[in-house]
Amino acid sequence: MSVHQLFDLGGQTALVTGAASGLGSAIAEALLAAGARTLMTDVDEDALNARVALLRKHHPLAEGAVLDVADPDAVDAVVDDAVRRYGQLDCVFANAGISAGRGFAVETGQLEHVEHPAWDRVMRINLDGVLATLRASVRHMKPRRQGRIIVTSSIAGIRAEPLSGYAYVASKAAVNNLVRQAAVELAPFNVLVNAIAPGPFATEINGGRLKLPESAERMRTYIPLGRVAQPHEIQGLALLLASPASSYITGAVIPIDGGASAR
Ligand SMILES: NC(=O)c1ccc[n+]([C@@H]2O[C@H](COP(=O)([O-])OP(=O)(O)OC[C@H]3O[C@@H](n4cnc5c(N)ncnc54)[C@H](O)[C@@H]3O)[C@@H](O)[C@H]2O)c1
């Protein structure tokens, strides 16, 4: 393979969860630009339709399907349908996730205030949703002995994070080891499983809090690079992990955080 083919996804098919907004939308755009037919999925139908229509202006291989990752039967159905329609599924991004609100930096985020309904909801989407997406994908990738699965985790899953809620940090820590476990099981089948662990990106998560000027100000001291990232800055790493360029990377949890986890 020549060097210029390392990031080429021509002829490949991809699926992204949580693709109507933020990082998922940026990831889908990168996959499309690299040539992959990309099924963008999201629980928010209106936002999804708008985003798919926007991307289709430049990328005719963009498609959309409504999917709530907290519903494992729906995940199976959408993945199975994608395989039926496209004949194969080369790459899946388990990206959908939600915030658990503030961390212990504010009183309401402290341990004695953690409540079960909210904890369960975060786990159902951030952890069970990732499991459902991995499981549905692997059923197709394993027999074919080919596939890439990339999970959007967080640096809040690697270390304590005063700004993130308990359910969030626990869910992201759990997916990191889910990724390692799956990577080792699936390596003999040439199915590579990795995680991206972002620091703060200016998306809609947590009510768009990271887009506010006060967050930008806080990150000036909190992040070595001194700023919040923009969603498009995820694209290089996403493309690396989806493409032939990463043929020897599996089981990795890769921070993309302006240096935050190096502290
Ligand atoms: N933005 C950050 O600073 C940051 C940092 C670390 C990790 N992450 C992770 O990145 C991923 C994407 O988040 P984002 O920042 O782009 O947020 P976002 O809110 O902009 O986008 C998340 C998308 O996921 C969708 N979604 C929510 N629940 C869903 C469900 N049950 N099923 C399917 N789709 C669902 C939303 O409708 C939305 O379109 C999440 O897993 C998040 O935890 C984000």
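Where is the place of arginine 145? Select this residue to begin the tour: the place of arginine 145 is in the loop between H4 and E5. The model on display is a predicted one, and the stops below move from loop residues to the ligand and then to a pair of helices.

**Two residues with positive phi**

With arginine 145 selected, inspect the backbone. Although arginine 145 is not a glycine, its phi is positive, at about 55 degrees. The residue is partly exposed, with a relative accessible area of 47%.

Next select asparagine 190, in the loop between H5 and strand E6, which spans 191-198. Asparagine 190 is not a glycine either, and has a positive phi of about 60 degrees. Its relative accessible area is 40%, so asparagine 190 is classed as partly exposed.

**The loop between H8 and E7**

Select serine 243, found in the loop that runs from helix H8 (235-242) to strand E7 (253-256). Is serine 243 buried or exposed? Its relative accessible area is 0%, and serine 243 is therefore buried. Show the side chain, which reaches the backbone oxygen of leucine 6 at 3.2 Å. Neighbours within four places in sequence aside, serine 243 is in contact with Leu6, Phe7, Leu9 and Arg148.

Keep Arg148 displayed and add serine 247, which is also found in the loop between H8 and E7. Serine 247 touches Arg148 and Leu192, when residues up to four places away in sequence are not counted. Now draw a distance from serine 247 to valine 191: these two residues are 56 apart along the chain, and their C-alpha atoms are separated by 9.9 Å.

Then go to glutamine 235, whose place is in helix H8. Glutamine 235 has a relative accessibility of 19% and hence counts as buried, because the limit for that class is under 20%. Which backbone oxygen does the side chain of glutamine 235 reach? That of alanine 26, at 2.8 Å. Beyond residues up to four places away in sequence, glutamine 235 touches Ala26, Glu29 and Ala30.

**The loop between E1 and H1**

Select alanine 19, in the loop between strand E1 (13-16) and helix H1 (22-33). Alanine 19 counts as buried, at 0% relative accessibility. Display its surroundings: with residues up to four places away in sequence left out, alanine 19 touches Gly24, Ser25, Met40, Thr41, Asp42 and Arg51. For a distance along this part of the chain, pick alanine 36, which lies 17 residues from alanine 19 in sequence; the two C-alpha atoms are separated by 15 Å.

**The ligand**

Asp42, one of the residues touched by alanine 19, leads to the ligand. Select the 29 residues around the ligand; Ser21, Leu23, Asp42, Tyr168 and Thr203 come nearest. Which side chains place a polar atom by a ligand oxygen?

- Serine 21: a polar side-chain atom lies 2.6 Å from an oxygen atom of the ligand.
- Aspartate 42: a polar side-chain atom lies 2.6 Å from an oxygen atom of the ligand.
- Lysine 172: the corresponding distance from a polar side-chain atom to an oxygen atom of the ligand is 2.9 Å.

**The loop between E5 and H5**

Move to glutamate 161, which lies in the loop between strand E5 (147-152) and helix H5 (166-186). This glutamate is buried, with a relative accessible area of 6%. Its side chain and that of tyrosine 222 are joined by a polar contact of 2.4 Å. Apart from neighbours within four places in sequence, glutamate 161 is in contact with Ile155, Ala156, Val169 and Tyr222. A C-alpha distance drawn from glutamate 161 to leucine 134, 27 residues apart along the chain, gives 26 Å.

**Helices H3 and H4**

For the last stop, select helix H3 (residues 72-86) and helix H4 (residues 116-144), whose axes come within 9 Å and cross at roughly 35 degrees. The crossing of H3 past H4 is right-handed. On the H3 side, Pro72, Val75, Asp76, Val79, Asp80 and Val83 make the contact; on the H4 side, Ala132, Thr133, Arg135, Ala136, Ser137, Arg139 and His140 do so. Colour these residues by type: 6 are nonpolar, 3 polar and 4 charged.

Terms used: Residues numbered from 1 in each chain as written. Predicted model: local features only at pLDDT ≥ 70, side-chain atom pairs only at ≥ 80, totals over all residues. Heavy atoms only, no water. Helix = DSSP H or I, 4+ residues; strand = E, 2+ residues; numbered from the N terminus. Buried < 20%, exposed > 50% of the residue type's maximum accessible area, 1.4 Å probe, protein only. Polar contact = N/O pair within 3.5 Å; in protein donor to acceptor, adjacent residues only side chain to side chain. Contact = heavy atoms within 4.5 Å. Axes fitted to C-alpha atoms, helices over the stretch in contact; angles between N-to-C directions. Left-handed = near helix turned anticlockwise from the far one by under 90°. Nonpolar A, V, L, I, M, F, W, Y, C, P; charged D, E, K, R; others polar. Near = heavy atom within 4 Å.
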